[in-house]
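Biologist: I am new to this structure and would like to learn how to read it. Could you take me through some of its features?

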Amino acid sequence: MNPITHALLGWTISHPLLKSKRDIALVTLGSVIPDIDGAGIIADFFSQSWPQPLSLYSDYHHTLGHNLFAAFLFSICAGSLAREKLKTFASFFLVFHLHLICDVAGSKGPDGEQWPIFYFFPINRDWKITWSGQWEVNAWQNMLVTVISLLVALNQARKNGFSPIWFFSRRADAAFVETLRARFPLKESGANKSC
Ligand SMILES: [Zn+2]
């Protein structure tokens with residue numbers, strides 16, 4: 001799946017689990033952080049004219065960041081930065097694994113590459129997870145998940161009084177929430193999250 005769908009899933013799942021905006025942001029980060037191992041694509045791009053171009057993306061994407069040990073490492077870091085430490089650790093670990101499941105289900109490349117998950121990397125570099133029913137990254141199933149999670153996120157913004165815009169501009173976020181509430185009024189007062 002693409003990072004936007006992963007982030008929307010992390011955002012919507014973390015809302016009912018956590019009280020503070022900071023913890024929700026940390027857990028949302030957990031839903032996209034496995035893909036940090038795809039950052040090598042930038043170095044690959046700039047090395048195209050070299051005698052021996054790099055191939056970091058194909059060598060390490062779905063390997064370095066998509067495994068159990070990365071899940072523990074990043075979850076511990078997130079938990080240590082959180083207000084609700086244990087809950088954030090557990091929620092981060094959960095959405096991290098949801099990312100892996102979503103990748104196994106719906107990340108087939110246009111060339112048929114399945115991008116297997118080497119779950120026990122680096123201890124075991126052979127055992128991998130794939131699924132024969134995997135659909136392509138731009139398949140309708142992924143689009144459906146994106147649309148549903150976007151609608152849920154909008155409803156959460158309306159009810160809880162904040163959206164991801166809050167992290168960039170509190171004023172713009174307040175205007176956004178006001179617009180949502182004007183169009184779809186709340187039946188009872190919403191539950192605002194702490195910082
Ligand atoms: Zn991924």
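Modeller: Let us go through confidence, one helix, a pair of helices and a few loop residues.

Biologist: Where is confidence lowest and where is it highest in the protein?

Modeller: This is a predicted model, so a good place to begin is the confidence score. The mean pLDDT of the protein is 93, and 98% of the residues score at least 70. Helix H4 (residues 56-60) has the lowest confidence, with a mean of 81, while helix H5 (residues 68-81) has the highest, at 98.

Biologist: Now a single helix. What should helix H8 span, and how far apart are its end C-alpha atoms?

Modeller: The idea is to allow 1.5 Å a residue and compare. H8 covers residues 170-183, and its 14 residues should span 20 Å; the end C-alpha atoms are 20 Å apart, which agrees.

Biologist: How many of the residues of H8 are buried?

Modeller: Of its 14 residues, the number buried is 1, so H8 lies largely in the open.

Biologist: At what angle do H7 and H8 pack?

Modeller: For a pair of helices, look at the angle and the distance between axes. Here the angle is about 95 degrees and the axes are 9 Å apart. Angles of 65 to 115 degrees count as roughly perpendicular, so that is how H7 and H8 are described. On the H7 side, the contact is made by Leu-154, Ala-157 and Arg-158; H8 brings Val-177, Leu-180 and Arg-181. By type, these contact residues are 4 nonpolar, no polar and 2 charged.

Biologist: Next, the backbone. Which sign does phi of His-62 have?

Modeller: Phi is a backbone angle to check residue by residue. His-62 has phi near 70 degrees, a positive value in a residue other than glycine. His-62 sits in the loop between H4 and H5 and counts as buried, because it has 25 C-beta neighbours inside 10 Å. Trp-115 also has a positive phi, near 45 degrees. Trp-115 belongs to the loop between H6 and H7 and, with 19 other C-beta atoms within 10 Å, is partly exposed.

Biologist: And the peptide bond from Phe-121 to Pro-122: cis or trans?

Modeller: Omega tells you. Its value is near 5 degrees, and the bond is cis. Pro-122 is in the loop between helix H6 (85-106) and helix H7 (140-160).

Biologist: Is Pro-122 buried or exposed?

Modeller: Count its neighbours: Pro-122 has 11 C-beta neighbours inside 10 Å, so it counts as exposed. Sequence and space can also be compared: Pro-122 and Phe-69 are 53 residues apart in sequence, with their C-alpha atoms 8.4 Å apart.

Definitions and conventions
Residues are numbered from 1 along each chain as its sequence is written. This is a predicted model: local features need pLDDT of at least 70, side-chain atom pairs count only at pLDDT 80 or more; totals for chains, interfaces and linings use all residues. pLDDT is the predictor's confidence in each residue, from 0 to 100. Helices (H or I, at least four residues) and strands (E, at least two) are DSSP runs, numbered from the N terminus. The expected span of a helix is 1.5 Å times one less than its number of residues. A residue is buried if 20 or more other C-beta atoms lie within 10 Å of its own, exposed if 12 or fewer, and partly exposed in between; C-beta atoms are placed from the backbone. Axes are lines fitted to C-alpha atoms, for helices over the stretch in contact, and angles run from 0 to 180 degrees between N-to-C directions. Angles under 35 degrees count as roughly parallel, over 145 as roughly antiparallel, 65 to 115 as roughly perpendicular and the rest as oblique. Two residues are in contact if their C-beta atoms, placed from the backbone, lie within 7 Å. Ala, Val, Leu, Ile, Met, Phe, Trp, Tyr, Cys and Pro count as nonpolar, Asp, Glu, Lys and Arg as charged, and the others, Gly among them, as polar.
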